[in-house]
Amino acid sequence: MTQFKLGNAADNDWQQATEQVVEQLGSCEACNLAFVYVTDDFSNDLSKILRLLKEQTGIPHWIGSVGSGICCTNTEYYDRPALAVLACQFPEESFSVFDLAREEQNAITHADEYDFSLRPAVVHGDPRNGHLPQLIDELPEKLGNGYLIGGLTSSEQNYFQVADDLTEGSLSGVVFKDIPMVTGLSQGCTPITEPRKLTSCDHHMAITIDNRPALEVFKEDIGEVLARDIDRAAGYIFAAFPVQGSDTGDYLVRNVIGFDPDNNLLAIGEHMSPDTPIMFCRRDGKSAVEDMHRMLADVKKRLGDAKPKGGLYISCLGRGRHLFGENSEEMKMISDVFGDIPLVGFYANGEIAGQRLYGYTGVLTLFI
């Protein structure tokens, strides 16, 4: 029987916090894989924390990362030293840990020619690696029908990941086979227009949209109030690029990073190509809550009669308390729908779903 156990603690002393987690986990004799997330304040101690966790629990395989904030069932930790662990029991041949930084390619191989089963992988990436978007795009094919779930390490000092041992610099994680799970993606934004066409651009600069000056179209779409004081739009209005072929209306959200009123240009935090769809969306607490409800309802519907046993939740560092409130409201929304299942995660510097790197999203994974 697959089992999931949760332990979490906040304490200025890394050893005391780790021992509290071990005590909460109890006997882990049957567990063979664990997810561990620590806040920035514990990043310097992560190697010692991992060593003690291995010694005290006997769990051989570990996956995890550092976050500017971390989360677990009904709880979000920010601005203090904390860690959370989800200890799991899976069939021995059902998962394999990998680390591209160490070039351990044993798990990154093509599936058998006649094996069409989905191979989901929980992955963590180093945001300093400029090749990360390409690695994320290529990895699902290397896995053989792979599907990625994860996020980029968020930190002010150390960008450590855990893939059995400490690592950094690339992409690492664990790939599963024949493990039932359901995933959901919450965008946290609301489109304010139908998709338009980006008709000309230069790298990060949008020149024309629908063959009209880009800034002129932007002002028209965001409305007269914001257009009169365009600086107010920063941090509230974003550019969104619909994902081609998506049957769920997914889109990639990117920052609007600048304006050139003299030339009617719009700067966007994305290397853009002409003749691609573009739209604008707003991000605020109300939009985030509405889309979170939508995602959770969709996941519950797809679960059917199945009951989730445990899960992972990776959210954007701009979400959490910034959009949902200070009292761990984002995590409590998950429990309101699925109950107090054992669940851990972190607040990332970019979220991964499928073959794409998102921003401002929440990615939920439930094991069933």
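Which strands does helix H1 (residues 14-25) lie across? Helix H1 lies across S1 and strand S6 (82-88). The model is predicted: local features need pLDDT of at least 70, side-chain atom pairs count only at pLDDT 80 or more, and totals for chains, interfaces and linings use all residues. Residues are numbered from 1 along each chain as its sequence is written, and side-chain values use heavy atoms, with hydrogens and water left out.

**View 1. The open sheet of six strands and helix H1**. The strand order is S1-S6-S2-S3-S10-S11, with mixed pairing. Strand S1 (4-10) and strand S11 (165-167) each have a single partner strand, so one side of each is left without a neighbour in the sheet. Neighbouring strands are turned by 15° against each other on average, direction ignored. Helix H1 runs at about 155° to S1. Axes are lines fitted to C-alpha atoms, for helices over the stretch in contact, and angles run from 0 to 180 degrees between N-to-C directions. Helices (H or I, at least four residues) and strands (E, at least two) are DSSP runs, numbered from the N terminus.

**View 2. Pairing of S2 and S3**. Strand S2 (residues 33-39) and strand S3 (residues 61-67) are parallel and share seven bridges; two strands pair if DSSP finds at least two bridges between them. Tyr-37 has Ser-65 as its bridge partner in S3.

**View 3. Thr-167 in strand S11**. Thr-167 counts as buried, at 8% relative accessibility (buried means under 20% relative accessible area, exposed over 50%, partly exposed in between; 1.4 Å probe, protein chains only). Its side chain makes a polar contact of 2.8 Å with that of Asp-99. A polar contact is a pair of N or O atoms within 3.5 Å; within protein, one must be able to donate a hydrogen and the other to accept it, and residues adjacent in sequence count only if both atoms are side-chain atoms. Leaving aside neighbours within four places in sequence, residues in contact with Thr-167 (heavy atoms within 4.5 Å) include Tyr-159, Phe-160 and Ser-172.

**View 4. The buried residues of helix H3 (residues 132-143)**. Leu-132, Ile-136, Leu-139, Pro-140 and Leu-143 are buried. They cover an arc of only 90° around the axis, which puts them on the same side of H3; the arc is that of the directions from the helix axis to the C-beta atoms. Among the strands they pack against are S7 (95-99) and S9 (146-152). Just after H3, Gly-144 takes a positive phi of about 85°.

Methods: Expected span 1.5 Å × (residues − 1).
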